[in-house]
Amino acid sequence: MSTKAGQLHLRFGGTNSTYQHGTHSRDVVAHEFGHGLGLRTFAATGNPSDQQHHALQESFADTIATVVDVAANGGVPNSLTWIIGDQLYKANDFQGFRSFKNPKSDTSSVYSTADWYDDRLLGPGVDPHYNSTVVSHAYYLLVNGGKHARWADPEIPDTNITAQGESKARAIFVGAYNNPAMSTAPTFVKLKSAAMAYALANYNSATRTQVKNAFEAVGVCGVAAVVPPKPTLQTIGDLLCAGRFNPIWDLIAGATRYYAEVAPANFGFALATPVTDVDGQTNHCLFRVTQPSLFRMMACNDCGCSAWSDTEYLPY
């Protein structure tokens, strides 16, 4: 695909020993025409070191390909809807380039691509098709429901998304791509925010929650877009007077609050008693204990909470 004097030019590869002619695959044709729509819908420029804008252009074009597939199937998605580029490989009509359903290990997909925000590749020369499937998998989950393809991975939330159906999910995503916020340096987080806003304005808060869950299932969570790492205590604080402690920790980028627990000896050192819940810009909390206790804390944002910090013993 190329552009010249404001016009979109499409060129499809010819037949060779591996591929059918490019026009043999409905997905490939729909994808390239989808680029024409994408370039007129939202910005194609942004941070060159991250290139989320390019990944979004590719994901949008892939989404248009699924729309065409669904229409050709009488309005109902099938298994090949979620494989981009099927019918192109001579050796296997059911094999394609990228998978919405399981980007990393779908056996019908030739390429393993990203399905988790923090695993995306960075750099000016990165192929944006690799990162595009982070958003594509969120779209698949919103349409079909269920959990992330790798939900058993301890780093990935096992959130269960309620299926919204293809037509509803499509309306939400296309509406989000048309949001004015996407007209300048679009990002995955901007798309998430726009999709949530569209869902709330045109459906209800329950739909908005499912949109939020779908994006957070692939790690797109907020400014930081990932769960914070566990906090590290600089010091548990000096014993200013009997039982008075002032733990101080390193602030974590992207954390919006810190939560702490204390476990007094008379409760068997069971960590369950809340101590404090402070905002993400605060790096200490002052509290008292009346007996030997244990102390631990975690960092949180809208994607979830970190692992607990190392447990500290507080003498008294």
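Biologist: In this predicted model, which residues is Leu 56 in contact with, leaving aside its neighbours within four places in sequence?

Modeller: Once the neighbours within four places in sequence are left aside, Leu 56 is in contact with eight partners that the model lets us name, beginning with Phe 42, Val 135, Tyr 177 and Met 182 among them. Leu 56 is also one of the residues that touch the most other members of the largest nonpolar core, which has 40 residues. The list of its contacts is completed by Pro 186, Thr 187, Phe 188 and Leu 191.

Biologist: Which helix gives the most residues to this core?

Modeller: The elements that give two or more residues to the core are helices, including H2 (52-72), H4 (166-177) and H5 (188-202). The one that gives the most, with 9 residues, is H3.

Biologist: Is Thr 63 buried or exposed?

Modeller: Thr 63 is found in helix H2, and, leaving aside its neighbours within four places in sequence, it is in contact with Phe 100 and Tyr 139. Residues count as buried under 20% relative accessible area. Because the relative accessible area of Thr 63 is 4%, this residue is buried.

Biologist: How many residues apart in sequence are the parts that the pair of Tyr 259 and Trp 308 ties together?

Modeller: The ring centres of Tyr 259 and Trp 308 are 6.2 Å apart and their planes stand at 50°, so the pair is tilted. Tyr 259 lies in strand E8, whereas Trp 308 lies in the loop between strand E12 and strand E13, so the parts tied together are apart in sequence by 49 residues.

Conventions: Residues numbered from 1 in each chain as written. Predicted model: local features only at pLDDT ≥ 70, side-chain atom pairs only at ≥ 80, totals over all residues. Heavy atoms only, no water. Core = buried A, V, L, I, M, F, W, Y, C linked by side-chain atoms within 4.5 Å. Buried < 20%, exposed > 50% of the residue type's maximum accessible area, 1.4 Å probe, protein only. Helix = DSSP H or I, 4+ residues; strand = E, 2+ residues; numbered from the N terminus. Contact = heavy atoms within 4.5 Å. Phe/Tyr/Trp six-rings, centres within 6.5 Å; stacked < 30°, edge-to-face > 60°.
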